[in-house]
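Here is a short, friendly walk through a complex of two chains. Please have the sequence and the model open as you read.

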Amino acid sequence: MEKSKTMTQEKFGEKDFQTIIGNLLRYGVWISLSVAFIGGIVYLMHHGSDIEDYSVFKENDRNIFEVFANVYNGVIHGSGESIIFFGVILLFLTPVFRVLLSLFSFLLEKDYLYVTITAIVIGIIILSISFGFSH
Amino acid sequence: MTVLTFTLIMILGAFLAGFIGSLSGLGGGIIIIPLLTVVLGVDIHYAIGAALVSVIATSSGSAAAYVKEGITNMRLGIFLEIATTIGAVGGALLSAIAPTSFIAVLFGLTLIFSAINSLRKKEEHIVLESSPLAKKLHLQGTYPTHDGQVVHYGTKNVIGGFSMMGLAGMMSGLLGIGSGAFKVIAMDNIMRIPFKVSTTTSNFMMGVTAMASSVIYIQKGYIEPGICMPVVIGVLFGAMAGAKILVRTNPKKLRIFFACLIFVLAVNMIYNGLNGKI
């Protein structure tokens with residue numbers, strides 16, 4: 001009796017997480033795109049008649065936190081480009097939240113093998129931040 | 001060209017790329033890059049950045065539905081993400097130092113390979129017995145069919161699939177693509193996972209794989225808001241329109257047509273790359 005109860009609970013948990021992860025991905029995409037779209041309108045209102053030049057790549061070597069600070073300042077001052085960038089960052093964060101959510105789900109299931117595997121993936125993403133500016 | 005004209009052309013082009021990408025099964029990212037570089041003369045680094053952003057948008061959008069239906073094998077996906085994220089970080093670092101012509105030629109070759117691969121006949125094969133390592137990692141799974149039945153499947157050759165996934169991740173980081181073709185080969189042909197599960201799981205993994213290289217892309221300045229905005233919006237809506245049509249038509253003839261089109265684009269890119277025009 002007790003065993004069957006925990007089993008149904010576990011099953012419910014897994015299905016539940018599938019729904020939550022599915023929703024997270026869907027709303028994450030729509031929210032970030034709406035932000036980027038608004039940014040795009042603002043950008044076009046101010047710069048629509050400028051002449052574009054994307055034929056030459058200007059390499060940056062900016063720390064990710066510096067980028068975030070710039071975007072934050074830009075958004076406050078109503079810069080269209082920064083609002084688009086903010087939307088893009090939200091989009092990038094969607095899969096990150098997805099990984100964190102899986103970590104949580106495996107913890108609840110007490111599946112420590114997969115807690116470790118998920119933690120390794122998170123570790124690699126964190127390492128990639130430091131790789132980015134160690135050239 | 002003014003920014004406004006450029007943006008409108010981009011939205012239209014990206015819509016087409018997303019549309020063709022979803023009908024041909026190649027993904028929008030892989031088509032937007034030649035469009036930006038060959039047709040509009042945008043530097044390949046910006047093109048790669050914009051493609052990566054659109055890959056995250058489309059893969060997250062479609063993964064949402066599959067995860068809910070319970071087709072995606074999340075354990076398999078997360079395990080293989082170790083390989084794809086390491087590969088992606090390596091690829092992104094490589095893309096910052098590799099010469100542009102090298103990237104263009106490699107991209108062209110990948111495009112040809114993916115186009116040929118999309119024409120390959122897909123047979124459903126299900127193995128029931130898993131290899132010992134796959135059992136240890138709980139990589140076997142189930143998925144529901146249309147008539148409500150549950151199919152059980154096993155997994156083979158974990159190490160082979162893992163290595164191929166590392167390569168897939170590297171191509172993704174280097175070229176800003178989802179590299180679905182490589183991922184499906186790793187899961188379909190090497191690990192013997194059913195087609196339905198491998199395509200949806202590949203989609204599920206793309207977001208995180210792309211994320212691993214995106215941090216480096218942001219820091220190196222690949223993400224240009226003025227290009228990303230029209231590209232993402234266009235590709236996403238194009239992919240949605242393509243998916244709607246896909247349900248109603250048999251895309252076999254379309255696939256051959258698009259594969260030829262992509263072949264021409266790829267040859268163009270290789271030619272321009274070799275001549276140093278990209």
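What follows covers confidence, the contact between the chains, and a few helices.

This is a predicted model, in which local features need pLDDT of at least 70, side-chain atom pairs count only at pLDDT 80 or more, and totals for chains, interfaces and linings use all residues. Residues are numbered from 1 along each chain as its sequence is written, and chains are lettered from A and ligands numbered from 1 in the order in which they are written.

The predictor assigns the complex an ipTM of 0.85 and a pTM of 0.86. In chain B, the average pLDDT (the predictor's confidence in each residue, from 0 to 100) is 87, and 97% of the residues score at least 70. Two elements of chain B mark the ends of the range, with helices (H or I, at least four residues) being DSSP runs numbered from the N terminus:

| Element | Mean pLDDT |
|---|---|
| α11(B), lowest in chain B | 84 |
| α7(B), highest in chain B | 93 |

How many residues of chain A are in contact with chain B? There are 57, meeting 52 residues of chain B; contact means that C-beta atoms, placed from the backbone, lie within 7 Å. On the chain A side, α1, α2, α3 and α4 each supply at least two residues, and α1(A) gives the largest share, 16 residues.

Now to α3(A): its 29 residues should span 42 Å at 1.5 Å a residue (times one less than the number of residues), and the end C-alpha atoms are indeed 42 Å apart. Just after α3(A), A:Lys110 has a positive phi of about 60 degrees.

Note on methods
Two residues are in contact if their C-beta atoms, placed from the backbone, lie within 7 Å.
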